[in-house]
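This report looks at two topics in turn: cysteine pairing, and the surroundings of one serine. The sequence and structure are shown first.

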Amino acid sequence: MSTRRLTTAQALVAFLARQYTERDGQRHRLINATWGIFGHGNVAGIGQALVEHGPDMPFLQGRNEQAMVHAAVGYARQSNRLSAHAVTTSIGPGATNLVTGAALATINHLPVLLLPGDTFATRPADPVLQQLEVPHAGDVSVNDTLRPVSRYFDRITRPEALVPAALAAMRVLTDPATTGAVTLALPQDVQAEAHDWPEEFFAERVWRVRRPRPDTAELDAAVRAVTAAERPLIVAGGGVHHSRAEAALHALAAATGIPVASTQAGKGALRHDHPADVGGIGHTGTTTANRLARTADLVIGVGTRYTDFTTASATLFAHPGVRFVNLNITGFDAHKMAALPLVADAREGLEHLFEALQGYTVPAHYQIEYHEERTRWEARVTSAFTPAGDDARPTQAQVLGALDTLVGGDDILINAAGSLPGDLHGLWRPRSHDQYHVEYGYSCMGYEIPAAIGAALAAPGRPVWALVGDGTYLMNPTEIVTAVQENVPIKVVVLQNHGYASIGGLSASVGAERFGTAYRHRAPDGTYTGDPLPVDLAANAASLGMRVLRAHTVRDLREALAEARAATVPTCVYTETETPDTVSGPPASEAWWDVPVAETATRTAAVRAREEYDRQVAARRRHL
């Protein structure tokens, strides 16, 4: 057997450069680049290996470890999970900074390979710099914090252990039912240790991404449930996009007339102008979808996890005889809501349903009903998007309205946290299957800017927008420097509303009176109710190298957005928005979200909020 003498780190990089995915006859490189920030735990191992294998493994320089994972996740999502990035850090704070990004990747079922350095396997000195000492366990390091947020975790304590670990890592990354964050912790001495590797380890390897077909008996049960229903509703989740099942969903909805509501991850599964599209569902959704959900006698979930936002904390699906059919590639999700499971790839399952439901349509009066509801919602969206005049300061909804008139199907909108996900889910009109990129599985502040870089790397030439509030911007603006360095022409829209607007509104609704949510000076009574802080986020973005356009009015905003869309360099549009308290905001979704309220209180706001909470929680049910 022929061998090649390389360090463990060199062998890993050479191996990664030869891994591919294949789906539907199309091949993609699996690990297309590696992000890195170097310290003593990876500079002489992975760092040296990336220098040596430079032509084989593109390198991207990050500024924050969490942000590097976000960028990798944005890339993987835009690549339909068929290509991914690796992220390397030193041991210590660099490694623990990965945890938030890893949780986001795993919760959203998006592949990313994490390669943190680790403390010495040989323990030449004990402790070493940044070593966590655990008196009862000598094999624990800070990297063990990555175990619960990784789909696969291994610590490579000997060079030869890399072979099975690397193969297992690729298996998990490419399995649509298990993918997420994968961690290979690399002790710094083992990274630099040489070993004779079998040449077969470096052979080109193709990982075929499976499309499992539905079981015949499960399919028959699902078809019987659909044909017996009078008011069926499809709930499209992120699995529709991951499977590229949008065309199959379009065909099924068009043929049967079954309305389609979408989760945050599933929005865009149908274009906004498809007759069966009824918009977002749940707490951040549309009244159209939520009224249909309350009266649906059958809910067909496709690639959804049924989070509390989707189910309005188990209060939304109110029909006394409602049943569920869940098409999902994982049995765990397919069995939720006591459903009839249909365990299969989303596209395969929808295509089989389409064939089996030939000739079936929902009643005509049902289609008329939801078309009329949809028309009324569209009128409310148009109203929310329309400003009082060109010289007015825009509301957040009107910022989205200005974008709505500008973007085309090529544009990609990225958001994750704050009040924007709610506005986007209810109001945005997606023009393409991958225009709407809102990360709401983890709703992680700071995701937007690095994810925009990742998405732009996966979709070069397409306009990519990162929509952020001031709170999110302050969490993680550092990768602006990376966008400038790599000349990735992302468009960052910063909305200044002087605080955590989303949590402020939630705080007011649950009796906490917006405590600690405003970015303001302290008032004489000690509360944060003084003047707004003199923070200039536009100047901050400019100091990091971005081109910045300030928009004071609706007219300014339209001009700035158009200029940013045409820009070939990273560009920021900064605007201060009016709040929904002073100007009409987006319409309510008519769906609840369970945030427990103090059961005993002396302040009037909390007492009233508890009364409303008790009223809402009485509607909660378990679907058995």
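## Cysteines

At a relative accessibility of 7%, C444 counts as buried, and C572, at 1% relative accessibility, counts as buried too. The model examined here is a predicted one.

A search of the whole structure finds 0 disulfides. C444 is in no disulfide, and the nearest cysteine sulfur, which belongs to C572, is 20 Å away. Seen from the other side, the closest cysteine sulfur to that of C572 is in C444, and because the two are 20 Å apart they are too far from each other for a bond. The cut-off that this reasoning needs is a sulfur-to-sulfur separation within 2.5 Å.

## S502 and its surroundings

S502 lies in helix α21, which spans residues 501-509. With a relative accessible area of 28%, S502 is partly exposed.

Once its neighbours within four places in sequence are left aside, S502 is in contact with G418 and S419. For G418, a specific atom pair can be given: its backbone oxygen lies 3.5 Å from a polar atom of the side chain of S502. A further distance concerns L420, which is 82 residues from S502 along the chain, while the C-alpha atoms of S502 and L420 are separated by 8.1 Å.

Notes. Residues numbered from 1 in each chain as written. Predicted model: local features only at pLDDT ≥ 70, side-chain atom pairs only at ≥ 80, totals over all residues. Heavy atoms only, no water. Buried < 20%, exposed > 50% of the residue type's maximum accessible area, 1.4 Å probe, protein only. Helix = DSSP H or I, 4+ residues; strand = E, 2+ residues; numbered from the N terminus. Contact = heavy atoms within 4.5 Å. Polar contact = N/O pair within 3.5 Å; in protein donor to acceptor, adjacent residues only side chain to side chain.
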